[in-house]
Amino acid sequence: MAKKIAVIDGNSLMHRAFHAVDSPMNTADGTPTNAVFGFMAMFLKFVDLAHPDAVVCAFDAGIPEFRKTAIEGYKAQRPPMDPDLRVQFPIIEDLLESMNVPVVRISGWEGDDILGTIAARDEALGYETLLVTGDRDAFQLASDLTRIVATKRGITDVAVYGPDEVLARYGVTPAQVPDFLGLKGDSSDNIPGVPGVGEKTAAKLLRQYGSLEGLYEHTDELKGKQKERIEENRDAAFGSRQVATIVRDLDFPLDLEGAAFPSFDPERVKAAFEKVQFNAQLARVLKLAGEEVPPEKEAALVDAPVCEGAQASELLDAALARGERVSAALGVRSPGELFETQVCAVGTSQGVGLFEGDEALRVLSLLVRTAPFAALDVKELVHAAYPADTSKPAVVSDAELMAMDAFDLGLAAYALNSSVSEYTLAKLAEKHLGGVLPEVEDPTDALVQQAAAAFALVEPLTRALADDGSDAAYFDIDLPLVAVLAIMERTGAAIDSQRMRKLDDYASGEIAGLAEQIYALAGETFNIDSPKQLAAILFDKLGLPPLKKNQRGYSTDATVLTELAKDHEIPGLVIRYRELSKIKKTYIDTLPKTAAAAGDGRLHTTFHETVTSTGRLSSSDPNLQNIPVRTDFGRQIRDCFVPLRDGDEFVSADYSQIELRLLAHLSQDEKLLEAFNSGADFHAATASHVFGIPLEGVTPEMRSRAKAVNFGIVYGQQAFGLSQSLGIPFQEAKEMIERYFEAYPGVRTFLDDTVEHARQRGFAETMFGRKRHIPELKSRNANQRGFGERTAMNHPMQGSAADIIKKAMREVQQRLMDEGFQAKLMLQVHDELDFSCPTEEVERLSAMVREVMMSVASCDVELEVDVGVGPTWADAH
DNA sequence: TGCTGACAAA
DNA sequence: TGGAGATTGTCAGCAT
């Protein structure tokens, strides 16, 4: 097979990477490394996919004289390179050199010309060449042996162009590319071209006349404005072509025959990559050469002796007698193919003990009931012994659960940084133990490693929580909630499956009818669920105006369809079709099945405490936090949620406008505080301030606008967003927001201070000290920064609300038990708690829950709670 | 299998 | 100059 040489246009890739990788990254001395990181990400992905035999990297080193004279001002108006990018060139060169990738830089020439020259030499040698670049001029170099790897959006997304692809994409051959660029120009390189001639026209002219020479011999065949423009800009066209023509015969030494990749000294590579702290990338580079990750770091982790059976029991007993907080990790072992036994690994200071099957469960319940222990996910472990649904008797009582002495490593890590996508022992070990978990094949060995790491992590995480000031969020709020969530998950929620079936009949009929109507109007059948096919019908066949684009074509989302519904019947029908089929597919088709699959016929969701960055919970499998309520049909789904037992009522308690009340408390804005404390209708009070009229004069229309502004403020919404949600002109929305801040000046000050504080310290925090780190505030990208600012403003409100309801949940659960309630806490939906409650307890429960929810936080505004009671969830609102 | 568009909720 | 509200979870279509 022919040798494959890759040549990278270093400047082009560094520019791309600089803009594509926006997250702030620095070396120890503060030098930015985002472009280097992006470059290497692209490099590694490319090498993985293409497996080149050798890699060369070319950089610009000036501009050749002939380009400067051909076009006056060639690259002249380009602003000087961003200093944050400039400083990264020496770093990338250092990395490349450490990997033995030749760096070519020819004084007075640009990278493109080096690419062209190497490709020409390769072709002479019969080698294959891959040219990696983001610049379009390189397409002229495509040939049977030479292909262009062009970066698309971002950096790691690429397209490969040979001659056929160039022709397909631009309608010209590679040889015609300079003429093509000469006509159409290239704004990024300051190549003027012929004004008014774009991609389509340039390609058409070249197909007809072959080249610039051919075109200018036949300008008499052209007509009108086009003829004038082309004739007038003859010099610009030829000059532009010259600038765009890549030189292919530079003279520089490069040993192509001897070049090879990967071939490098691992020590040198390690040194270079460790300097910039690209540990994950280092591992990938070393792997290319068959090298393993630095082994000395693994040794830093516990190399614990492992035992089983009676010895394991002794190990555990001794550790508990010493008062140690042992660790536990749960897994399965499958000796044969048929049976899987549960295995529990327990970590102690003297080693790891393994327990299997019934022994594992015995040990788990022992830990939960009587011993201090630690685990990555305590709730998951609890369910293994508890057990997870009410069809079997509980091995551990609710009271024992509430009293358990657990340390949840995942929750601790979440309190330290809530923006991490996944909390694993491997990542925690890397961060807090300074070593990587050894990669082991055998699942049991892996479990042992996890137990050992979990044991070792308790101390450093406890210290980190205290150092960071995040111990309150963890110890007072998140950790005590684990038992409550475990109890709720086991309790489950009940649905009326009969009723669901009736809903199914109705929905199925409606959906089929709607589909028929849509097909009839469209004149053909198609898949309405496919946005692509729907777009083809609406925009191609019916010729409706495409109002919005997405990555793959024209958008067919609800806002677009609503607008189009004015012109045609189909969009309205599709909206209704989507509403019904979404609800049918997501809830009606799945909830009864899920319930039937559980031992007790109930829905047992999983609540996640480490997913959101604000401190809210999330729910999955099934998600019971997004059960419909807004539309009539949606509410029918809530009507299927019923109390757990005959004789129970569904009780729902929710905080009224908790985020806005917290805003009043936190900002201490006098008028806002007064608006809540006077007991008046809050949205109406806002309307009265914003529109400058007495309370009695507020119309329902004004009130609903004020309500939208109130909610917008919570989310950091801006004028554009408000104008969209209210369907009013931008200017009007802008004025409303301005008047809002005039009416509540304390709010403006508070939000500004919050952002400023967050910018300085790197995080925003809630009333109870829950932090959210916001590195985006330091971003160079204005959109990212805007995101950071909105996040900083929103976190104290949304996060404090989350803290408050979590505290309330723990206390409510405690009092349910202490005061002998039969009522059960079933669900939490952000600012709402739902119970199943015997009729005779309803009064007592309502009073208790209200009292607890209102009193867990002391604020300068009352935290009002509405309690509803009814036979179903829908009725309890 | 992984990504995308669309849509449910507070 | 262009873009201009957020988060999470689930489903189906579609490309690989």
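A polar contact is a pair of N or O atoms within 3.5 Å. This is the criterion for several stops on the tour below, which is made through a predicted model.

**DNA strand C**

Select DNA strand C and the backbone of Val-611: a polar backbone atom of this residue is 3.1 Å from a phosphate oxygen of the strand. Then add Ser-613, where a polar backbone atom stands 3.5 Å from a phosphate oxygen of DNA strand C. At Ser-618 the side chain takes over, with a polar atom 2.7 Å from a phosphate oxygen of that strand.

Widen the selection to the 23 residues that surround DNA strand C; Asn-527, Ser-530, Ser-618, Tyr-715 and Arg-790 are the closest. Of the strand atoms that come within 4 Å of the protein, 76% belong to sugar and phosphate. Coloured by class, this surface shows four nonpolar, 12 polar and seven charged residues.

Which elements each supply at least two residues of the surface near DNA strand C? They are α25 (531–541), α27, β17 (618–620), α34 (719–726) and α37 (782–818). The largest share, three residues, is that of β17.

**DNA strand B**

Now select DNA strand B. There are 21 residues around this strand, and those that come nearest are Thr-556, Ile-627, Val-629, Arg-630 and Asp-831. Sugar and phosphate make up 78% of the atoms of DNA strand B that come within 4 Å of the protein. The surface near DNA strand B divides into six nonpolar, seven polar and eight charged residues.

Display Val-629 in detail: one of its backbone N or O atoms lies 2.5 Å from a phosphate oxygen of DNA strand B. Two side chains also merit display. Arg-578 places a polar side-chain atom 2.9 Å from a phosphate oxygen of the strand, and Asn-550 places one at 3.5 Å from a phosphate oxygen of DNA strand B. Helix α27 (residues 569–588) gives the most to this surface, with three residues.

**The six-stranded sheet**

Leave the DNA and select the open sheet, in which six strands follow the order β7-β10-β9-β8-β11-β12 with mixed pairing. The edges are β7 (306–308) and β12 (406–408); each has a single partner strand, so one side of each is left without a neighbour in the sheet. On average, neighbouring strands are turned by 30° against each other, direction ignored.

Focus on β9 (residues 341–348) and β10 (residues 351–356), an antiparallel pair with six bridges. Here Cys-344 stands opposite Phe-355 of β10. Next add helix α22 (residues 443–468), which lies across β7, β8 (326–333), β9, β10, β11 (373–375) and β12 and runs at about 150° to β8.

**Ser-365 in helix α17**

Select helix α17 (residues 357–370) and find Ser-365 within it. Is this residue buried or exposed? Its relative accessibility is 6%, so Ser-365 counts as buried. Beyond its sequence neighbours up to four places away, Ser-365 touches Ala-385, Val-395 and Val-396. Val-396 is 31 residues from Ser-365 in sequence, yet the C-alpha atoms are 6.6 Å apart. The side chain of Ser-365 also reaches the backbone oxygen of Arg-362, at 3.1 Å.

**Helix α13**

Finish at helix α13 (residues 266–275), where Pro-266, Val-269, Lys-270, Ala-272 and Phe-273 are buried. Show α2 (34–50), α5 (89–98) and α14 (279–288) as well, against which the buried residues of α13 pack. At the start of α13, a side-chain oxygen of Asp-265 comes to within 3.0 Å of the backbone nitrogen of Glu-267. Just after the helix, Gln-277 has a positive phi of about 60°.

Notes
Residues numbered from 1 in each chain as written. Chains lettered and ligands numbered in written order. Predicted model: local features only at pLDDT ≥ 70, side-chain atom pairs only at ≥ 80, totals over all residues. Heavy atoms only, no water. Near = heavy atom within 4 Å. Polar contact = N/O pair within 3.5 Å; in protein donor to acceptor, adjacent residues only side chain to side chain. Helix = DSSP H or I, 4+ residues; strand = E, 2+ residues; numbered from the N terminus. Nonpolar A, V, L, I, M, F, W, Y, C, P; charged D, E, K, R; others polar. Buried < 20%, exposed > 50% of the residue type's maximum accessible area, 1.4 Å probe, protein only. Contact = heavy atoms within 4.5 Å. Pairing = 2+ DSSP bridges. Axes fitted to C-alpha atoms, helices over the stretch in contact; angles between N-to-C directions.
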